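Subject: A structure for you to look at

Dear colleague,

I am handing over the structure that I have been going through, and I would be glad if you kept it open while you read. My notes come straight after it.

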Amino acid sequence: MNNGWRKWAWLALFCCWANCAAVRAETVRIAVGEWPPYISESLPNQGFLCEVVRQAFAEEGLDVSFHFYSWAEAYQLTLEGRYVVTMPWFRSREREQLFYLSASLGHFTTRLMTLTGTPAVNLGELKHQPVGVTRGYFYGDGFAARQAGLTLEWSDSDEESMGKLLDGRVHYLVMDEQVAQTLFQQALVRHPQSLSLTGAADPIWSQPGYLLMRKADPEARRLMLLFNTGLRKLERSGRLAELWKP
């Protein structure tokens, strides 16, 4: 009887070990785009937001790999099923229909940015001054409502938009505040100038960002629950706040 119990005990332990090993071998493939300092192939840990996601999944025994595309491609490839997960994205009706949204990764704040010496204004005060914006971004309902009354200078990337500000082709641009500061500092390293960048006191918008997990994939809901559990552990331990310091 005792020997039989031991055999069952060893079998149970082996099954537990095998299950844990299988979970730890699983890699979640995530489609992303360049968005420093949050995400970038050239940054340590591929950016601090990638490290947040990496550690949250690691808490539940999963590995991750990040695959870089343009943002439009990252979204479309996930929609087509090449990837289960893409991030970070903001909430919209379309996305809620097609994807599970994870727990919030944190808030992302967009401001009207300008160089020191340019009069500080809010967006509503600009009518004839060109404002730099980047194609493919959504800047919130408030901006969309005012867009028709603004003179917009479109760029294909945030880097191009920042270049126009530094060259004097625009005096104001709309950009995520952390992205703007990162690109500004990178530009100063290449072309040192006695300049500083400031943002309007009132944000254009500030919204939480999420992982999107394709509902049509049978693994999506399980991955969402695992990620949310891991993220809560990071938050309770204080590590999430530490990671959000680029």
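What follows is a short account of a pocket, a helix and some backbone features.

Please keep in mind from the start that this is a predicted model.

**The pocket**

Rolling a probe the size of a water molecule over the atoms shows where empty space is left. The largest pocket found here has a volume of about 920 Å³, and of the 37 residues that line it, the closest to its centre are W89, F90, G136, Y137 and F138. Sorted by type, the lining residues are 18 nonpolar, nine polar and ten charged.

Where does the largest pocket lie with respect to domain 1 and domain 2? Domain 1 covers residues 24-107 + 207-244 and domain 2 covers 108-206, and both give residues to the lining, so the largest pocket lies between them. Several helices and strands each supply at least two lining residues, among them α3 (71-79), β3 (85-89), α6 (158-167) and α7 (177-190). Strand β10, which runs from 205 to 214, gives the most to this lining, with four residues.

**Helix α8 and what covers it**

Helix α8 takes in residues 220-237, which makes 18 residues, and from its first C-alpha to its last it reaches 26 Å, close to the 26 Å expected at 1.5 Å a residue. An α-helix has 3.6 residues a turn, so residues three or four places apart point the same way. With that in mind, you may like to find the buried residues of α8 in the model, which are A220, L223, M224, L226, F227, N228, G230, L231 and L234. The elements that cover these buried residues include β1 (27-32), α2 (48-59), β4 (99-101), β10 and α9 (239-243). Just after α8 comes G238, which takes a positive phi of about 90°.

**Backbone features to look for**

Most residues other than glycine have a negative phi, and most peptide bonds are trans. Which peptide bond involving P37 is cis? The bond that joins P36 and P37 is cis, with omega about 10°, and P37 is found in the loop between β1 and α2. The peptide bond from M87 to P88 is cis too, with omega near -10°, and the place of P88 is in strand β3.

The loop between β1 and α2 also holds N45 and Q46. N45 has a positive phi of about 60° although it is not a glycine, while Q46, which is not a glycine either, has a positive phi near 65°. Are these side by side residues buried or exposed, or partly exposed? N45 has a relative accessible area of 47% and is therefore partly exposed, and Q46, at 22% relative accessibility, also counts as partly exposed.

**R54, which touches this loop**

R54 is found in helix α2, and with a relative accessible area of 23% it is partly exposed. Leaving aside its neighbours within four places in sequence, R54 is in contact with N45, Q46, V64 and F66, so that you can go from the loop to helix α2 by following R54. R54 and G230 are 176 residues apart in sequence, yet their C-alpha atoms are 9.7 Å apart in space, and G230 is one of the buried residues of α8.

With best wishes

Definitions and conventions:
Residues are numbered from 1 along each chain as its sequence is written. This is a predicted model: local features need pLDDT of at least 70, side-chain atom pairs count only at pLDDT 80 or more; totals for chains, interfaces and linings use all residues. Side-chain values use heavy atoms; hydrogens and water are left out. On a 1 Å grid over the protein atoms alone, a cavity is a set of points where a 1.4 Å probe fits but cannot get out, and a pocket is an open set with protein on both sides within 12 Å along at least five of seven lines; lining residues have an atom within 4 Å of a point. Grid points are joined across faces, edges and corners, and a volume is the space filled by probe spheres set on the points. Ala, Val, Leu, Ile, Met, Phe, Trp, Tyr, Cys and Pro count as nonpolar, Asp, Glu, Lys and Arg as charged, and the others, Gly among them, as polar. Domain bounds come from an automatic or database domain assignment. The expected span of a helix is 1.5 Å times one less than its number of residues. Buried means under 20% relative accessible area, exposed over 50%, partly exposed in between (1.4 Å probe, protein chains only). Contact means heavy atoms within 4.5 Å.
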